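Grab a pencil and work through these exercises with the model open beside you. Try each task yourself before you read its solution.

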Amino acid sequence: MNDCIFCKIVKGEIPALKIYEDSDFIGFLDVNPRFIGHALIIPKKHLETILDIDNNQIGHMFEIVQKVAKTITEALDAKGFNIGNNNGQIAGQAVPHAHVHIMPRYETDEHHAGFEAAFKPSEDAKKELENTLKKIGTIDPVETKTPTPDPPKPETKKDENLDFAFDDNIVMSKFDG
Ligand code: AMP
Ligand code: ZN
């Protein structure tokens with residue numbers, strides 16, 4: 001999408017205060033920060049919502065969110081943070097290029113509000129709870145990705161003359177008495 005503002009940031013056509021980059025994602029400071037250190041993580045590819053992000057990339061994106069949130073909160077001495085993600089115009093998504101907000105929170109914030117500030121509990125939704133569960137059903141477990149096996153350990157070399165075993169990490173002397 002040519003007129004997408006985040007694609008333009010990815011291509012370097014408009015500036016951004018970049019704090020993170022790898023081959024598939026970038027992170028930069030939000031130009032209208034709600035709190036000091038408000039940052040966005042976006043895929044480099046133009047994908048509209050998080051539903052469009054590849055299944056094997058979404059976990060990586062969340063790892064980035066975790067790392068960036070940790071770094072920001074430590075660097076700025078924040079006491080907590082909110083993670084936000086709007087999907088679709090109706091949900092308040094202004095930029096139609098998937099992104100996750102990281103918003104550090106401070107003791108000096110005017111109010112320590114979370115979701116309750118933006119969304120009040122809905123009486124109608126409350127009445128519908130059982131019916132909602134029926135409609136959604138229970139969702140099949142997400143398969144855990146098989147972890148990549150550890151690389152093979154370097155072979156232990158034994159020096160016959162010196163009578164001790166060593167490898168690249170550990171050196172253990174062997175005394176017979
Ligand atoms: P959303 O409402 O979830 O789509 O949020 C879009 C966010 O992008 C808003 O918080 C904007 O302040 C932010 N934003 C828009 N343009 C830029 C830009 N050029 N650089 C950094 N952040 C931006
Ligand atoms: Zn885009």
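**Exercise 1. Find the residue that stands opposite Ile26, and work out which strands pair around it.**

Step 1: Look across from Ile26 and you'll hit Ile42, which sits in S3. Before going on, note that this is a predicted model, where local features need pLDDT of at least 70, side-chain atom pairs count only at pLDDT 80 or more, and totals for chains, interfaces and linings use all residues. Residues are numbered from 1 along each chain as its sequence is written, chains are lettered from A and ligands numbered from 1 in the order in which they are written, and side-chain values use heavy atoms, with hydrogens and water left out.

Step 2: Strand S2 (residues 25-29) runs antiparallel to S3, with 5 bridges joining them. Strands here are DSSP runs of E with at least two residues, helices are runs of H or I with at least four, and both are numbered from the N terminus. Two strands pair if DSSP finds at least two bridges between them.

Step 3: S3 also pairs with strand S5 (residues 100-105), again in the antiparallel sense, over 3 bridges. In that pairing, Ala39 stands opposite Ile102.

**Exercise 2. Decide whether strand S3 is enclosed or open, and say why.**

Step 1: Count the buried residues, where buried means under 20% relative accessible area, exposed over 50% and partly exposed in between (1.4 Å probe, protein chains only). For S3 (residues 39-43) that gives 5 of the 5, so the strand is largely enclosed by the rest of the structure.

Step 2: Check both faces. Ala39, Ile41 and Pro43 are buried on one side, and Leu40 and Ile42 are buried on the other.

Step 3: Now try helix H5 (residues 129-136) for contrast. Of its 8 residues the number buried is 0, so H5 lies largely in the open. Just past H5, Gly137 has a positive phi of about 75°.

**Exercise 3. Work out which elements build the largest nonpolar core.**

Step 1: Get the term straight: a nonpolar core is a set of buried Ala, Val, Leu, Ile, Met, Phe, Trp, Tyr and Cys residues joined through side-chain atoms within 4.5 Å. In soluble globular proteins, nonpolar side chains tend to be buried together.

Step 2: List the best-connected members. The largest core has 14 residues, and Ile41, Ile53, Met61, Ile64, Val65, Val68 and Ile102 touch the most other members.

Step 3: Assign them to elements. S3, helix H2 (55-76) and S5 each give two or more residues to this core, and H2 gives the most, with 6.

Step 4: Zoom in on Ile41. Skipping neighbours within four places in sequence, its contacts (heavy atoms within 4.5 Å) include Met61, Ile64, Val65, Val68 and Ile102.

Step 5: Don't miss the second, separate core of 9 residues, with Cys7, Ile26, Phe28 and Ile42 among them.

**Exercise 4. Place Ile72: is this residue buried or exposed, and what does it touch?**

Step 1: Ile72 lies in helix H2. Its relative accessibility is 9%, so Ile72 counts as buried.

Step 2: Beyond neighbours within four places in sequence, Ile72 is in contact with Ile19, Gly37, Ala39, Asp77 and Pro104.

Step 3: Take Pro104 from that list. Ile72 and Pro104 are 32 residues apart along the chain, yet their C-alpha atoms are separated by 7.3 Å.
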